[in-house]
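Subject: Structure handover

Hello,

Here is the structure for your files. Please have it open while you read the notes underneath.

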Amino acid sequence: MSESEAEHHQNPIRFGILGCARISHKFCRAISLLPSGTATISSISSRSLDKARQFAASARLHSSVKLLSPYDALLEDTSVDAVYVPLPTSQHATWAIAAAAKGKHVLIEKPAALCVEELERILEACEKNRVVFMDGAMWLHHPRTTEMRRLIDDPSQIGRLRLIHTSSSFLATPEFLQNDIRVKPDLDSLGALGDLGWYCIGSILWATNYNLPKTVVASPSLSLNQSGVILSCGASLYWGDGLVATLNCSFLSHVSTDLSIHGSQGTLLVRDLVIPYREDGASFEVISGAHFAELHIGWTKKPEEVAVKAPVPQEALMVLEFAKEVKLVRDKKSDPSLKWADISRKTQLVLDAVKKSIDKKFEPINL
């Protein structure tokens, strides 16, 4: 290893965490699982120092981590290269834009924003200040996703896409439905559509190589809480060439993170897309060229299970990808990649269309 490579390896990306949300524990653990020199936690901020201290203790952070309050203090910390933003969605634009203005790279939890107009303001700030932007859709960074992409792109395996279906759900407790920020109109007004629908829409767009649908229409099967926040909803997406996608996201049904992709030549099925059953690997099923057997007493083929190992959990792989891009900008003076910003923008556009269709009593929305 050359001297410059060694210096690059030992110069980790220094993260500041804006807020002490529960998912921040997962983020801290992800960093601890990465090779030394990849990333480190430099600072954490909260609305109160007591809460920051409690979080640092429960997450077993090193004593060198700075505990700051309020959030502005972290943005003024020159030892921070990037911020992780797990705050309520209603606060994303304010703090992501402020972080970008201070030259901090932005890794933000999903949904990225309440609407595409807010997201555009975030992305404009990131581009103006030459900082990397990425949202927290961890499944995109799993090696299983790469292998699925390879098979979908192989015309002999899946063929022309015809139907995509995805669901993301869990059965929320009464306490969650009463008190969680994801059901509060002033904090996360998109509810299940933002929290879970981001995965559904993102996986549909991923399957189509981010080719936007022409029309989006929400399903009349809709559940709202007393404040008008979405607890369960569905939608259909149409491309105008025969491809149709359906999605369902819900706080009111058994846990699911399914994705099925049906083409002219084959089908791909995933049962645990968002959170794999195991951290050290994941699998999916694929079947190509199958027919019903003679007399329709069975199938000519059975699905094949494809297993893919993961060197570290997908959240660690997400941080690794983000850190690599930040190092290219920080150390090599490269321009930030716009790949992840474009993915988030398209996901937000379709999410907005679903919400607009709901608000307009399930009218079709053209993109």
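The notes below cover the empty spaces, a run of strands and one residue near the end of the chain.

The model is predicted, so please read everything that follows as computed from a prediction.

Cavities

The search of the whole structure turned up three cavities of 30 Å³ or more. The largest cavity has a volume of about 60 Å³. Two elements each give two or more residues to its lining, namely helix H10 (197–207) and helix H12 (339–359). H10 supplies the largest share, four residues. The full lining consists of Asp 135, Ala 137, Trp 139, Leu 140, Trp 198, Tyr 199, Gly 202, Ser 203, Tyr 210, Ile 343 and Thr 347. Sorted by class, that lining has seven nonpolar, three polar and one charged residues.

The second largest cavity holds about 40 Å³ of space. Around this second cavity are Asp 135, Ala 137, Leu 140, His 141, Trp 340, Ile 343 and Ser 344. Here the largest share of the lining, three residues, comes from H12. By class, the lining of the second largest cavity has four nonpolar residues, two polar and one charged. Asp 135, Ala 137, Leu 140 and Ile 343 appear in the linings of both cavities.

Largest pocket

The volume of the largest pocket is about 1,300 Å³. Its lining is made of 47 residues, and those nearest the centre of the pocket are Arg 22, Ile 23, Asp 180, Arg 182 and Asp 195. Helix H2 (23–32), strand E7 (161–171), helix H9 (191–195) and strand E12 (252–263) are the elements that give two or more residues to this lining. The class count for the pocket is 22 nonpolar, 13 polar and 12 charged.

Where does the largest pocket lie with respect to domain 1 and domain 2? Domain 1 (3–137 + 315–336) and domain 2 (140–313 + 347–366) both contribute residues to the lining, so the pocket lies between them.

Strands E12, E13 and E14

E12, which gives residues to the pocket lining, also pairs with E13 in the antiparallel sense, over four bridges. The two strands form a hairpin, with two residues between them. Within this pair, Leu 259 stands opposite Val 270 of E13.

E13 is joined to strand E14 (residues 281–288) as well, again antiparallel and by four bridges. Thr 267 has Ile 287 in E14 as its bridge partner.

Strand E13 (residues 266–270) has one covered face and one uncovered face. Gly 266, Leu 268 and Val 270 are on the covered face, while Thr 267 and Leu 269 are on the uncovered one. As a general point, side chains in a regular strand alternate between the two faces of the sheet.

Ile 365

Ile 365 belongs to strand E16 (residues 365–366). Is Ile 365 buried or exposed? Its relative accessibility is 10%, so Ile 365 counts as buried, the cut-off for buried being under 20%. Leaving out residues up to four places away in sequence, Ile 365 touches Lys 214, Thr 215, Val 216, Ala 353, Lys 356, Ser 357 and Lys 360. Gln 265 is 100 residues away from Ile 365 along the chain, and the C-alpha atoms of the two are separated by 30 Å.

Regards

Key:
Residues are numbered from 1 along each chain as its sequence is written. This is a predicted model: local features need pLDDT of at least 70, side-chain atom pairs count only at pLDDT 80 or more; totals for chains, interfaces and linings use all residues. Side-chain values use heavy atoms; hydrogens and water are left out. On a 1 Å grid over the protein atoms alone, a cavity is a set of points where a 1.4 Å probe fits but cannot get out, and a pocket is an open set with protein on both sides within 12 Å along at least five of seven lines; lining residues have an atom within 4 Å of a point. Grid points are joined across faces, edges and corners, and a volume is the space filled by probe spheres set on the points. Ala, Val, Leu, Ile, Met, Phe, Trp, Tyr, Cys and Pro count as nonpolar, Asp, Glu, Lys and Arg as charged, and the others, Gly among them, as polar. Domain bounds come from an automatic or database domain assignment. Buried means under 20% relative accessible area, exposed over 50%, partly exposed in between (1.4 Å probe, protein chains only). Two strands pair if DSSP finds at least two bridges between them. Contact means heavy atoms within 4.5 Å.
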